[in-house]
Amino acid sequence: MAGANELHWLSISEASELIASKKLSPVELTRAVLERIRAVDGRLKAFVTLLAPEAEAAARAAEASIQHGQYRGPLHGIPVAIKDLYDTAGIKTTSCSKLRASYVPKEDCTVVRKLREAGAIILGKVTTHEFAFGFDSPPTRNPWNLDCTPSGSSGGSGAALAAGMCLGATGSDTGGSIRAPAAVNGIAGIKPTYGRVSKRGVAVLSWSLDTTGPMARTVKDVALMLRVIAGRDSLDETTVDVPVPDYAAALAGGIRGLRVGVPRNYFSEDVQPPVAAAVRDALAVLEAQGARLVEVDIPDAEYLLPTFFSIVIPEAASYHHETFLERGHEYGEDVRALLETGEAFLATTYITAQRSRAAFKNAFREVFRQLDVLATPTLPVTAARAGQATYRFGGREEPVFGAFARFCCPFNLAGLPAVSVPCGFSPDTLPIGLQLVGKPFDEASVLRAAHAFEQATDWHTQRPQL
Amino acid sequence: MTDVRGVTPDDVTLLARVAGIELYAPDADGIAVQLTELRTAVMRRAGGIPADMAPAVMFDARWEG
């Protein structure tokens, strides 16, 4: 077993085996993680609200239950962090905005309720970009380089996991907000199929694009969390009644014969060389394990990003309209400008973008006729420096928002499950992510491919020096 | 495809007034550029979509059982 000063680095899978066999107390584990938070979060600033007394009390209750033979499963006694977009009963839920600084929900959102019922220990609330509408998550910093951001909008979750400040975390993903932080922090995260996981009680960014999902340091841990939180929720009409498999059990079996699509276009354009090299090497690893690489073309790809922006911007503006009328000046500058843009959107542009989206859904269905999963870089870049506005690709300057969204948002448009798993580092030791995308509700294949890749490499075992 | 008329900062100011929101004036230029780019791209894309393709948010009339 890990030494007392290493308990915070245990995976959920490792910790749960020890807890189930009573070799590790949830109290000891939670105290070790809280100690880690005290040691490093002053520099990282991932936690908005730390619930140390509550977490210790929950850990004592978990310990007592387990001692009495009432073990609930692999999340029982596991300390997790919750993105501050998710309602938590009696605990302020700020969406990292002045507008919700004093908002205290009466009820847990569905995902938090499910995590508590599974026995997870809620450590606290971690940062999000304001109302999830961005890729920075200020003031949080990246554990791999404190001059860099942890991306967003689930940046607090990504940083907390990479720094050993929790064993699991929740995120939300509308255009990359789970996968981008997973990639730049060197951890795993899945954007599930649209409708796989309830969004009830989670602040809205874009009704027709939002998803909620788990983040952790290993693919198996993501699978364990996903099984707990997935499923139809009668209080969220966007959720779909599709059976929830045992995603962890489905990791076994390897990937021999798995057809892995490799796009010839779009996902290879304007990519930083270290990212391109890491993903090429990752594809070779998949092939060495028996996967069959299949080259594919993504049609009309130049319209993916404009289609995405033309949906998310007006939908976000619609959600915020009433508040914006009276308190627009209280939003952060970047979010305010986006909401103003949304208010000026023509309906014909939005509706045409939704028709474009329907066409892309069909196009990806055709692409996937010959595939099991699709492999791309999660991002074309590594982490941005705090305050960085653009990335340069040859003679072209691209805003950070666009660079982070362009490889992720296609799969929000198509509603497909997509995981990011660590696949290397840049020469300046910034993590790089591999994105694996699957068919609707086939999270099992996506996670199996990601797990096989992860187990054949050691990228996920690397730790930042803090 | 018919050429899309560019959105001007004055257009943005007017639309904001119609919407009832208080526009932060310096944002108008950037918003105009962004709206023009997005509208141009989306309307260009529209030319390649079958006319009978419905938006991806069509109403589902089914009731839960």
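Here are worked exercises on the chain A and chain B interface, the voids and the unusual backbone sites of a predicted model.

**Exercise 1. The interface**

Task: Find how many residues of chain A and of chain B are in contact, and how much area is buried between the two chains.

Solution:
- Step 1. Count the contacts. On the chain A side there are 34 residues, and they are in contact with 28 residues of chain B.
- Step 2. Take the area. About 2,700 Å² is buried between chain A and chain B. Carbon and sulfur atoms give 67% of that area.
- Step 3. Locate the main contributors in chain A. Tyr303(A), Glu340(A) and Arg355(A) lose the most area to chain B. Together they make up 24% of what the chain A side buries.

**Exercise 2. Polar links and the chain A side**

Task: Count the salt bridges between chain A and chain B, then state which helices of chain A supply at least two residues of the side that touches chain B.

Solution:
- Step 1. Count the salt bridges. There are two between chain A and chain B.
- Step 2. Inspect one pair. Arg336(A) forms a salt bridge with Asp27(B). Their closest N and O atoms are 2.9 Å apart.
- Step 3. Add the polar contacts. Seven residue pairs are in polar contact across the interface, with both residues at pLDDT 80 or more.
- Step 4. Assign the helices. Helix 9 (304–327), helix 10 (333–343) and helix 11 (347–367) of chain A each supply at least two residues of the side touching chain B. Helix 11 gives the most, with 14 residues.
- Step 5. Sort by class. The chain A side that touches chain B has 17 nonpolar, 10 polar and seven charged residues.

**Exercise 3. Two pockets**

Task: For the largest pocket and the second largest pocket, give the volume, the residues closest to the centre and the element with the largest share of the lining.

Solution:
- Step 1. Start with the largest pocket. Its volume is about 1,600 Å³. It is lined by 49 residues, and Tyr194(A), Glu237(A), Thr238(A), Val240(A) and Ala56(B) are the closest to its centre.
- Step 2. Assign its lining. Helix 11 of chain A has the largest share, six residues. Strand 6 (211–216) of chain A also supplies at least two. By class, the lining has 24 nonpolar, 10 polar and 15 charged residues.
- Step 3. Move to the second largest pocket. Its volume is about 1,300 Å³. Of its 39 lining residues, Phe309(A), Pro399(A), Phe401(A), Gly402(A) and Gln34(B) are the closest to the centre.
- Step 4. Assign that lining. The largest share, seven residues, comes from helix 2 of chain B. The elements supplying at least two residues each include helix 9, helix 10, strand 11 (396–399) and helix 12 (400–405) of chain A. By class, the lining has 18 nonpolar, eight polar and 13 charged residues.

**Exercise 4. The largest cavity**

Task: State how many cavities of 30 Å³ or more the structure holds, and describe the lining of the largest one.

Solution:
- Step 1. Count. The structure holds four such cavities.
- Step 2. Size the largest. It contains about 70 Å³ of space.
- Step 3. Read the lining. Phe133(A), Phe135(A), Leu205(A), Phe308(A), Val312(A) and Phe401(A) are among its residues. The lining divides into seven nonpolar, four polar and no charged residues.
- Step 4. Link back. Phe401(A) lines this cavity and is also one of the residues closest to the centre of the second largest pocket.

**Exercise 5. Backbone sites**

Task: Place the cis peptide bonds at Pro139(A) and Ser153(A), and the positive phi of Asp300(A).

Solution:
- Step 1. Pro138(A) and Pro139(A) are joined by a cis peptide bond, with omega about 5 degrees.
- Step 2. Gly152(A) and Ser153(A) are joined by a cis peptide bond too, with omega about 0 degrees.
- Step 3. Pro139(A) lies in the loop between strand 3 (121–126) and helix 5 (155–162) of chain A. Ser153(A) lies in the loop between strand 3 and helix 5 as well.
- Step 4. Asp300(A) is not a glycine, yet its phi is positive, about 55 degrees. Its loop runs between strand 8 (292–296) and helix 9 of chain A.

Note on methods
Residues are numbered from 1 along each chain as its sequence is written. Chains are lettered from A and ligands numbered from 1 in the order in which they are written. This is a predicted model: local features need pLDDT of at least 70, side-chain atom pairs count only at pLDDT 80 or more; totals for chains, interfaces and linings use all residues. Side-chain values use heavy atoms; hydrogens and water are left out. On a 1 Å grid over the protein atoms alone, a cavity is a set of points where a 1.4 Å probe fits but cannot get out, and a pocket is an open set with protein on both sides within 12 Å along at least five of seven lines; lining residues have an atom within 4 Å of a point. Grid points are joined across faces, edges and corners, and a volume is the space filled by probe spheres set on the points. Ala, Val, Leu, Ile, Met, Phe, Trp, Tyr, Cys and Pro count as nonpolar, Asp, Glu, Lys and Arg as charged, and the others, Gly among them, as polar. Contact means heavy atoms within 4.5 Å. Buried area is the accessible area (1.4 Å probe) that two parts lose on being put together, summed over both. A salt bridge is a side-chain nitrogen of Lys or Arg within 4 Å of a carboxyl oxygen of Asp or Glu. A polar contact is a pair of N or O atoms within 3.5 Å; within protein, one must be able to donate a hydrogen and the other to accept it, and residues adjacent in sequence count only if both atoms are side-chain atoms. Helices (H or I, at least four residues) and strands (E, at least two) are DSSP runs, numbered from the N terminus.
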